[in-house]
Amino acid sequence: GEPQNWNYASLPVGSAVKLNTTGIDTGQLGEPVTALIAHSDDLLTIGCLNSVYVLRGDPTYGGQIDRLSSSIGIVAPQAWARGPNGETVFLSQDGLYGIPPGVSGYPESISREKLPQELRDIDVNNYRILMSYDVRNRGVFIGLTPILGSGGKYFWFHWETRGFWPMEFDPSFEPTALAYRNADSPLDQ
């Protein structure tokens, strides 16, 4: 056909997309989706509370879903960050896990052995969970901000030593969103 025609399927706006889910036992995801993460140009990580899947390729043109784990999941929509080497780092019920860049293998533990008790079995209905990698300071900010009230729990995960450091914020100014800003001056990042 036409080299500029990128429409692989004629789907009406708002219609569902049928996926090839033959790699999953029941042909569907077994629990509600908690996070969608663009792992690379061709891979979409789909996180559930107790499992992780990957969508390979275009879902309207033969995309395939494969299960990466049936025991490790992603606790919330913003409970992930992109690591320094392009890996996807996420918070599970029992630790930080990572998936290498461009690969969709089994999630590997980054911190399970050192994870503070406050970051285990988080009540996702009462906390907004935030994560972001800080390029300048080489670490991951992990925040649990209460949806109602104050008194959140915040940690700095130092990438090189794999250590956790507790942080505190004034209860009137607890974070509700995170964004990394790449600036011309390192002091402005």
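In which strand does Thr34 lie? In this predicted model, Thr34 belongs to strand 1, which covers residues 33-38. Thr34 counts as buried because its relative accessibility is 17%, and the cut-off for buried is under 20%. Its side chain has a polar partner: one of its polar atoms lies 2.5 Å from the backbone oxygen of Ile74. Leaving aside residues up to four places away in sequence, Thr34 touches Gly47, Cys48 and Leu49, and also Ile74, Val75, Ala76 and Pro77. Ile74 thus appears both in this list of contacts and as the owner of the backbone oxygen beside the Thr34 side chain.

Attention now turns to the pockets. The largest pocket holds about 230 Å³ of space and has a lining of 14 residues. Nearest its centre lie Ser132, Asp134, Phe141, Ala179 and Tyr180. Strand 9, residues 127-134, gives the most to this lining, with three residues. By residue class, the lining of the largest pocket comprises eight nonpolar, three polar and three charged residues.

The second largest pocket contains about 190 Å³ of space. Its lining is formed by Gln78, Trp80, Ala81, Arg82, Leu130, Met131, Ser132, Tyr133, Leu178, Ala179 and Tyr180. Here strand 9 provides the largest share, four residues, while strand 5 (80-82) is also among the strands that supply at least two. Eight residues of this lining are nonpolar, two are polar and one is charged. Ser132, Ala179 and Tyr180 occur in the linings of both pockets, and strand 9 is the leading contributor to the largest pocket as well as to the second largest.

Methods: Residues are numbered from 1 along each chain as its sequence is written. This is a predicted model: local features need pLDDT of at least 70, side-chain atom pairs count only at pLDDT 80 or more; totals for chains, interfaces and linings use all residues. Side-chain values use heavy atoms; hydrogens and water are left out. Buried means under 20% relative accessible area, exposed over 50%, partly exposed in between (1.4 Å probe, protein chains only). A polar contact is a pair of N or O atoms within 3.5 Å; within protein, one must be able to donate a hydrogen and the other to accept it, and residues adjacent in sequence count only if both atoms are side-chain atoms. Contact means heavy atoms within 4.5 Å. On a 1 Å grid over the protein atoms alone, a cavity is a set of points where a 1.4 Å probe fits but cannot get out, and a pocket is an open set with protein on both sides within 12 Å along at least five of seven lines; lining residues have an atom within 4 Å of a point. Grid points are joined across faces, edges and corners, and a volume is the space filled by probe spheres set on the points. Ala, Val, Leu, Ile, Met, Phe, Trp, Tyr, Cys and Pro count as nonpolar, Asp, Glu, Lys and Arg as charged, and the others, Gly among them, as polar.
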